[in-house]
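This report describes helix packing, nonpolar cores and burial in one protein chain. The sequence and the model are shown below.

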Amino acid sequence: MSEFLAAMRSKSIAVIIVAAGKGERANAHTAPDPKQYRPLGGVPTLTRTVGAFLAVPEITSVVAVIHPDHADRYAALNLVDDRLLPPVIGGDNRQASVLAGLKALAPARPDLVLIQDAARPFATPKLISDVITALARYDGALPTLAVTDTIKRSSDGTQIAATEDRQQLFAAQTPQGFRFGQIFSAHMRAATIRRQFTDDAEIAEWAGLGVAMVKGDPNNLKLTYPGDFARAERILSGDHVMETRIGTGYDVHSFEPGDHIWLGGVRIAHKARLNGHSDSDVALHALTDAIYGAIGAGDIGVHFPPSDMQWKGAASTIFLKHAGGLVAKAQGRIVNLDVTIVCEEPKIAPHAPAMRAVIAETLGIAPARVAIKATTSEKLGFVGRQEGIVAMASASIEVPRVD
């Protein structure tokens with residue numbers, strides 16, 4: 001790691017996430033979303049891929065290259081980070097999309113650039129740092145895995161023509177890293193010829209650049225077919241990869257004159273309203289704090305201070321989505337959420353299904369992972385006197401194990 005830090009001193013490192021495909025092979029006509037937007041462990045795949053690079057402090061900028069029809073899908077991810085640049089519209093193929101990303105980065109002229117497939121959500125900090133470190137000595141670098149199967153060559157797909165020497169064969173992965181000026185120039189030249197290259201390392205090789213291999217990661221799989229998602233879910237749930245964290249949240253708001261309240265993201269008619277800086281959604285505040293607590297990220301006041309007037313009257317779903325984004329950035333997943341609301345009025349049960357739906361949609365998880373319960377205080381205390389509402393919440397989150 002010290003070698004990595006020394007090599008990266010004063011370097012600007014940009015990342016291009018190639019997400020402009022339709023991902024049709026992965027869906028098999030059963031999933032409504034392109035594979036890069038399909039939930040993986042309750043979190044969109046593209047969110048996980050972007051988060052993997054934003055989790056590396058040495059990365060200075062990240063740009064996603066998206067399909068022209070996916071602008072709304074990308075915006076719905078609500079990705080927030082100062083290093084995240086506006087998305088770029090891709091081309092008709094991967095090569096054209098990468099070039100679009102390189103052109104978008106050209107004004108900033110980063111020292112290095114990493115090019116990553118959106119459908120590879122499991123790039124680890126070590127894998128990323130290994131690729132970057134290799135760029136201190138080579139023009140380009142990529143992770144690879146030795147081929148273990150015997151490889152046969154056939155010109156017609158029916159009869160074997162030859163058997164390859166597998167000791168000389170390696171399967172390529174991403175991220176593939178390069179010195180920015182060199183790969184940009186190579187891509188510009190490649191765009192002028194009638195040839196499609198399979199990846200950026202091949203373009204670099206064609207341009208005469210020296211490309212090194214670093215050790216790949218078997219879990220750094222590319223999601224291509226439906227079965228790949230099943231394997232990815234197993235990777236996420238494996239005890240050797242993830243550990244469970246539990247967070248709790250508690251909030252209380254008093255009543256003031258008004259005609260409605262917000263609870264669980266649902267507007268409910270009432271004889272009073274809840275007093276507070278935002279929309280005072282006591283249920284979502286408790287739940288947001290529970291999620292923050294599970295990943296050790298402070299509380300709402302840290303991220304959205306009440307002294308900041310931009311949050312005056314703000315919808316609390318903004319806070320909840322931010323907490324969910326931090327879970328994704330940490331490569332985690334939400335297992336289940338449990339909210340208890342304590343009040344005499346209004347009645348919560350009729351609104352619980354709508355609350356579950358709002359919370360699930362905000363966080364990109366299944367409603368079955370959300371529980372909403374309610375009780376009264378049996379007329380005791382300030383809740384019993386109908387002076388306010390209390391909410392308590394717990395969140396179970398799986399995150400990569402820290403040894």
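Two residues are in contact when they have heavy atoms within 4.5 Å of each other. The model is predicted.

## Nonpolar cores

By that criterion, and not counting residues up to four places away in sequence, Leu337 touches Leu287, Ile291, Ile359, Leu363, Ile365, Arg369, Val370, Ala371, Ser394 and Ala395. Leu337 is also one of the residues with the most contacts inside the largest nonpolar core, a group that further includes Leu263, Ile341, Ile359, Ile372 and Ile389. This core has 46 residues. Helix H10, residues 282-294, gives the most to it, with nine residues.

A second core, separate from this one, has 30 residues. Leu54, Ala118, Ala134 and Val214 are among them.

## Buried helices

Helix H3 spans residues 45-54, and 10 of its 10 residues are buried, so the helix is largely enclosed by the rest of the structure. The buried set holds Thr45, Thr47, Arg48 and Thr49 as well as Leu46, Val50, Gly51, Ala52, Phe53 and Leu54. Of these, Leu54 is also included in the second core.

Helix H6, residues 125-134, is mostly covered, with seven of its 10 residues buried. These are Leu127, Ile128, Ser129, Val131, Ile132, Thr133 and Ala134. Ala134 of H6 is included in the second core too.

## Packing of H5 and H7

Helices H5 (residues 94-105) and H7 (residues 180-190) pack with their axes 10 Å apart, at an angle of about 135 degrees. The two helices are therefore oblique to each other. The crossing in which H5 passes H7 is left-handed.

On the H5 side, the contact is made by Gln95, Val98, Leu99, Leu102, Lys103 and Leu105. H7 contributes Phe180, Ile183, Phe184, His187, Met188 and Ala190. Sorted by class, the residues in this contact are nine nonpolar, two polar and one charged. Residues three or four places apart in an α-helix point the same way, because there are 3.6 residues a turn.

## Ala212 in strand S12

Ala212 lies in strand S12, which covers residues 211-215. Its relative accessibility is 9%, and a residue counts as buried under 20%, so Ala212 is buried. Apart from neighbours within four places in sequence, Ala212 is in contact with Tyr138, Gly140, Ala141 and Leu142.

His67 is 145 residues away from Ala212 along the chain, and the C-alpha atoms of the two are separated by 31 Å.

Key:
Residues are numbered from 1 along each chain as its sequence is written. This is a predicted model: local features need pLDDT of at least 70, side-chain atom pairs count only at pLDDT 80 or more; totals for chains, interfaces and linings use all residues. Side-chain values use heavy atoms; hydrogens and water are left out. Axes are lines fitted to C-alpha atoms, for helices over the stretch in contact, and angles run from 0 to 180 degrees between N-to-C directions. Helices (H or I, at least four residues) and strands (E, at least two) are DSSP runs, numbered from the N terminus. Angles under 35 degrees count as roughly parallel, over 145 as roughly antiparallel, 65 to 115 as roughly perpendicular and the rest as oblique. A crossing is left-handed if the near helix is turned anticlockwise from the far one by less than a right angle, and right-handed if clockwise. Ala, Val, Leu, Ile, Met, Phe, Trp, Tyr, Cys and Pro count as nonpolar, Asp, Glu, Lys and Arg as charged, and the others, Gly among them, as polar. A nonpolar core is a set of buried Ala, Val, Leu, Ile, Met, Phe, Trp, Tyr and Cys residues joined through side-chain atoms within 4.5 Å. Buried means under 20% relative accessible area, exposed over 50%, partly exposed in between (1.4 Å probe, protein chains only).
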